[in-house]
Amino acid sequence: GTLWVGTTAGLTSFENGKFVRPNALEAKTAAVPILAIGEDRHRLFFSTERGTYFYADGKITELMQDGVPLRGVDTFYLDPDGLLWMGMLGGGLRLLDGDKISSIVPRDGLFDNEIYGIVRDAEDRLWMACSKGIFSISRSDLRRFAAGELKKVTSNFYSPTDALRVIEAKPGVQPAVSYMKDGRIWFSTIRGLLVLDPNVLLRHVPAPPGVIEEVT
């Protein structure tokens, strides 16, 4: 029930009518702008320009990938299985499964390297807001890729000219995408709000021109 707030002066929480900052956070994040906040079932995660950290049991620990600080996390999403997905500013998508971090980037089939928001729909697809627009990927395919069972994933993307409007998202907006109870997904874009219903989504492809080559 605690409300956590990321500010330009670090991470703080609102408790009993006032803002407080635990001592561990005061020592390591004072005057550090917070880019994004997320959580798994046991830890509070937050990212800064310096790196990504998690707070649990009164202690703060830096999140590392292969011994290297994880920088540029712009959004967090916790899925129903307790897996934490992280959208990056230029680094694609990351999956935190236990203590293992997996990377998915454009060469692996990801539509864009800049991910600003992530949600899951009823068909178990992850929808992402990015610098090129919006796209979706099967969550099971992403998990299979992370496990080494799939060589590449397939992104279903929606170009900036769909619906005759520019629909790319932008960083620094929280949330950039939100899944509603009625199944619709709301996206924050550079032209305002876009609402998409993935349950009735149709892709209209014009029929190719026909040529009569012979009459019998």
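Is Phe-14 buried, exposed or partly exposed? Phe-14 is partly exposed, because its relative accessible area is 33%. The scale is simple: buried means under 20% relative accessible area, exposed means over 50%, and partly exposed lies in between, with a 1.4 Å probe and protein chains only.

A word on the model before we go on. This is a predicted model, where local features need pLDDT of at least 70, side-chain atom pairs count only at pLDDT 80 or more, and totals for chains, interfaces and linings use all residues. Residues are numbered from 1 along each chain as its sequence is written, and side-chain values use heavy atoms, with hydrogens and water left out.

Now the overall picture. The protein has two helices and 20 strands. Helices (H or I, at least four residues) and strands (E, at least two) are DSSP runs, numbered from the N terminus. Along the principal axes, the C-alpha atoms fill a box of roughly 85 × 40 × 25 Å. Of the 216 residues, 42% are buried. The protein exposes about 12300 Å², and carbon and sulfur atoms supply 51% of that. Accessible areas come from the Shrake-Rupley method with a 1.4 Å probe; for residues, only the protein chains shown count as cover. On to contacts, meaning heavy atoms within 4.5 Å. Among contacts with a separation of 6 or more, 39% are between residues 24 or more positions apart.

Back to Phe-14. Phe-14 is in strand S2, residues 10-15. Together with Leu-3 and Phe-19, Phe-14 forms a nonpolar patch on the surface, and the three have about 300 Å² of accessible area together. Patches are made of residues with over 30% relative accessible area and no salt bridge; like charges are joined within 9 Å, and nonpolar side chains (Val, Leu, Ile, Met, Phe, Trp, Tyr) within 5 Å.

Next, the rings. Rings of Phe, Tyr and Trp (its six-membered ring) pair if their centres lie within 6.5 Å; planes under 30 degrees apart count as stacked, over 60 as edge-to-face, and the rest as tilted. By this rule there are seven aromatic pairs. Take Phe-45 and Phe-54: their ring centres are 5.6 Å apart and their planes at 45°, so the pair is tilted. Both Phe-45 and Phe-54 are buried. Phe-111 and Phe-157 are stacked, at 4.5 Å centre to centre and 0° between the planes. That pair links distant parts of the chain, 46 residues apart. Phe-111 is in the loop between strand S13 (100-104) and strand S14 (115-120), while Phe-157 is in strand S17 (residues 156-158). Phe-111 is buried because its relative accessible area is 17%. Phe-157, at 42%, is partly exposed. Phe-45 and Phe-54 also join Phe-76 in one aromatic cluster.

Some rings have a charge over them. The rule is NZ of Lys or CZ of Arg within 6 Å of the ring centre and within 35 degrees of the ring normal. Arg-43 puts its charged end over the ring of Phe-54, 4.8 Å from the centre. Lys-132 does so over the ring of Phe-111, at 5.5 Å from the centre.

That brings us to charge pairs. Side chains of opposite charge can pair when their charged atoms come close. A salt bridge here is a side-chain nitrogen of Lys or Arg within 4 Å of a carboxyl oxygen of Asp or Glu. How many salt bridges does the structure hold? The structure holds nine. Arg-43 has one with Asp-40, with the closest N and O atoms 2.8 Å apart. Arg-43 counts as buried, at 19% relative accessibility. Asp-40 is buried too, at 11%.

Asp-81 and Arg-139 form another salt bridge, 2.9 Å from N to O. Those two are 58 residues apart: Asp-81 in the loop between strand S10 (73-78) and strand S11 (84-88), Arg-139 in helix H2 (residues 139-146). Asp-81 is partly exposed at 40%, but Arg-139 is buried at 7%. Both belong to a salt-bridge network with Asp-79, Arg-120, Asp-124 and Arg-143.

Last, the backbone. Asp-124, from that network, has a positive phi, near 60°, and is not a glycine. Asp-57 also has a positive phi, about 55°. Asp-57 lies in the loop between strand S6 (52-56) and strand S7 (59-62). Asp-57 is exposed, with a relative accessible area of 78%. Finally, a cis peptide bond joins Gln-174 and Pro-175, with omega about -10°.
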